[in-house]
Structures are given as C-alpha cells and as structure tokens.
Amino acid sequence: KRVLTIEELPKPRYCPEELCSQEEPPGCSNWEVPTYGRGQIRVLEPRDSMNPFKDEALPTDRGWQHWEAGKRQLIPKEERNREGCEHLDVCAGLQGDVESGLLTFRLPRMTVGRVMVCSPDGKQAGEKLIQDVEFRIEKEIISNPQQIYGKCVLVQERWQAEVADAKGHIHLGVRMRHGKGSTRISHVMTL
C-alpha cells in the first residue's frame, strides 16, 4: 500500500494545526498488552553511561517493575470461557514507589517539545501523578505539570527556548517523591 504524505492529508478538524501537522510522527512507548511495533522511547538503566541521572542512583534503589493487570471483566459473559476468544487488551505499565529510585526515559527527537505521561490507575490518575511524582526534563524539575484527559499529565507543552543535547537525546526523569503505595506509568508520548 502507498503511504500518504502530510501534504496529502486533509487539515485537522479537532486538533491545533501546530500539533497535528508535524512532519515527524509522535514518539510513544506503552506497556499495555498487546503492544505492536517498537516504541521510540527507551527506558535507561539507572547506571547506564548515557543516563544523565546515573550519579543519583543509590545502591538501595529497588528499581521500577513491570506490572500487568489481571484479566479484563469487560469480556462478554458468553465469551469468557471460549478457548479461542481471548480479547487481548490488558492494562500494564511500570510500577514504582518512593524506594524505586529515578526512572529515566530517553526521548526521541521532538519538534514541538510536548511530553505527556499516562497512568492506568483510574480515570483521574493524572491527579495522583501530579501530587506524588517529580518529573524532570534533563536536570530541570518541572514545577507545574497539568492533568489532561483525566489519567494523563502534560509534563511540558512545548520548548521554551532552543534545546541542544550533546548526546543527541533528551531525557525524562520520573521519581515518586512521596505518597503511600505505588504509582504506575502506562504511556509516555512526545511530539
């Protein structure tokens, strides 16, 4: 099949043209099951030589773990016991608490500078992310993330100034700063 170019697509109806008319596609990684294709956003090990936060890693950090929800209950009752009818759509993500340490994402090239993080922990999970999680872009702590779409946080809307990184990538740091229990991240998206 032939792939359409951006010039061949109609103007967006429900999206600001600045966001929906970019040549570069959005970057995304998600941990739900199933996930097809390869995400453009990578998780870096705490002591990776390319991790700008490696000096903050503590020997006592437990790290963030992969989490997966149980089977969905939204499967029609008459199909739940059928062997060949699995309904693949399971919430999953990376789970951490205050003892997990800093989680680092290596982000792809971004034209706008928009960074969003989502949680599978309910329709208002973005509120908990804002209260309990510290977000950083490189060394700068983001002081005013905004809840969007209920379960997501707009970490950064756009670049405020010229951005350059000698390593060729920008990094997002995520740390649970306080709060009881844990938090989960299911998606990280960039544009």
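In the predicted model, Pro-52 is placed in the loop that connects strand E2 with strand E3 (65-68). With a relative accessible area of 14%, Pro-52 falls below the 20% limit and is therefore classed as buried. Beyond its neighbours within four places in sequence, the contacts of Pro-52 are with Thr-104, Glu-138, Lys-139 and His-171. Pro-52 is also separated by 54 residues along the chain from Arg-106, while the C-alpha atoms of the two lie 9.9 Å apart. Glu-138, one of the residues in contact with Pro-52, belongs to the loop between E7 and strand E8 (140-141). The backbone of Glu-138 adopts a positive phi of about 55°, although the residue is not a glycine.

A positive phi in a residue other than glycine also occurs at Tyr-149, where the value is near 55°. Tyr-149 is located in the loop between E9 and E10. Its relative accessible area of 66% exceeds the 50% limit, so Tyr-149 is exposed. Lys-151 is likewise found in the loop between strand E9 (146-148) and E10, but it is partly exposed, at 33% relative accessibility. When residues up to four places away in sequence are set aside, Lys-151 touches Val-117, Cys-118, Ser-119, Pro-120, Gly-122, Lys-123, Ala-125, Gly-126 and Leu-129. For Gly-122, the separation from Lys-151 is 29 residues in sequence and 6.6 Å in space, C-alpha to C-alpha.

At the level of the whole protein chain, the secondary structure consists of two helices and 13 strands. Of the 191 residues, 36% are buried. The accessible surface amounts to about 12300 Å², with 50% of this area contributed by carbon and sulfur atoms. Contacts between residues at least 6 apart in sequence join residues at least 24 apart in 76% of cases.

The largest nonpolar core contains 23 residues, of which Phe-105, Leu-107, Phe-135, Val-155, Leu-172, Val-174 and Val-188 touch the most other members. Two or more residues are given to this core by each of E5, strand E6 (115-118), strand E7 (133-137), strand E10 (152-156) and strand E11 (170-176). E11 provides the largest share, namely four residues. A second core, separate from this one, has five residues, including Met-116, Cys-118, Ile-148 and Cys-152. In soluble globular proteins, nonpolar side chains tend to be buried together. Within the largest core, Val-155 is among the residues that touch the most other members. Apart from neighbours within four places in sequence, Val-155 is in contact with Val-115, Val-117, Phe-135, Ile-137, Ile-142, Pro-145 and Leu-172.

The aromatic pairs in the model come to a count of one. This pair is formed by Trp-31 and Phe-105, whose ring centres are 5.9 Å apart and whose planes meet at 50°, a tilted arrangement. Distant parts of the chain are thereby linked, since Trp-31 lies in the loop between strand E1 (27-30) and strand E2 (42-44), Phe-105 lies in strand E5 (residues 103-107), and the two are 74 residues apart. Both partners are buried: the relative accessible area of Trp-31 is 16%, and Phe-105 has a relative accessibility of 0%.

Val-43, in strand E2, is in contact with both Trp-31 and Phe-105, and additionally with Leu-94, Leu-103 and Thr-104, neighbours within four places in sequence being left aside. In space, Val-43 and Leu-103 are 7.4 Å apart, C-alpha to C-alpha, with their positions 60 residues apart in sequence. Val-43 is partly exposed, with a relative accessible area of 39%.

Trp-31 is also one of the residues in contact with Ser-186. Ser-186 occupies the loop between strand E12 (183-185) and strand E13 (187-190) and is buried, with a relative accessible area of 2%. Besides Trp-31, the contacts of Ser-186 outside its neighbours within four places in sequence comprise Ser-29, Asn-30, Glu-32, Ala-92, Gly-93, Cys-118, Ser-119 and Pro-120. The side chain of Ser-186 additionally makes a polar contact of 2.8 Å with that of His-187. As for Arg-184, its charged end sits over the ring of Trp-67, at 3.9 Å from the ring centre.

Notes:
Residues are numbered from 1 along each chain as its sequence is written. This is a predicted model: local features need pLDDT of at least 70, side-chain atom pairs count only at pLDDT 80 or more; totals for chains, interfaces and linings use all residues. Side-chain values use heavy atoms; hydrogens and water are left out. Buried means under 20% relative accessible area, exposed over 50%, partly exposed in between (1.4 Å probe, protein chains only). A polar contact is a pair of N or O atoms within 3.5 Å; within protein, one must be able to donate a hydrogen and the other to accept it, and residues adjacent in sequence count only if both atoms are side-chain atoms. Contact means heavy atoms within 4.5 Å. Accessible areas come from the Shrake-Rupley method with a 1.4 Å probe; for residues, only the protein chains shown count as cover. Rings of Phe, Tyr and Trp (its six-membered ring) pair if their centres lie within 6.5 Å; planes under 30 degrees apart count as stacked, over 60 as edge-to-face and the rest as tilted. A charge sits over a ring if NZ of Lys or CZ of Arg is within 6 Å of the ring centre and within 35 degrees of the ring normal. A nonpolar core is a set of buried Ala, Val, Leu, Ile, Met, Phe, Trp, Tyr and Cys residues joined through side-chain atoms within 4.5 Å.
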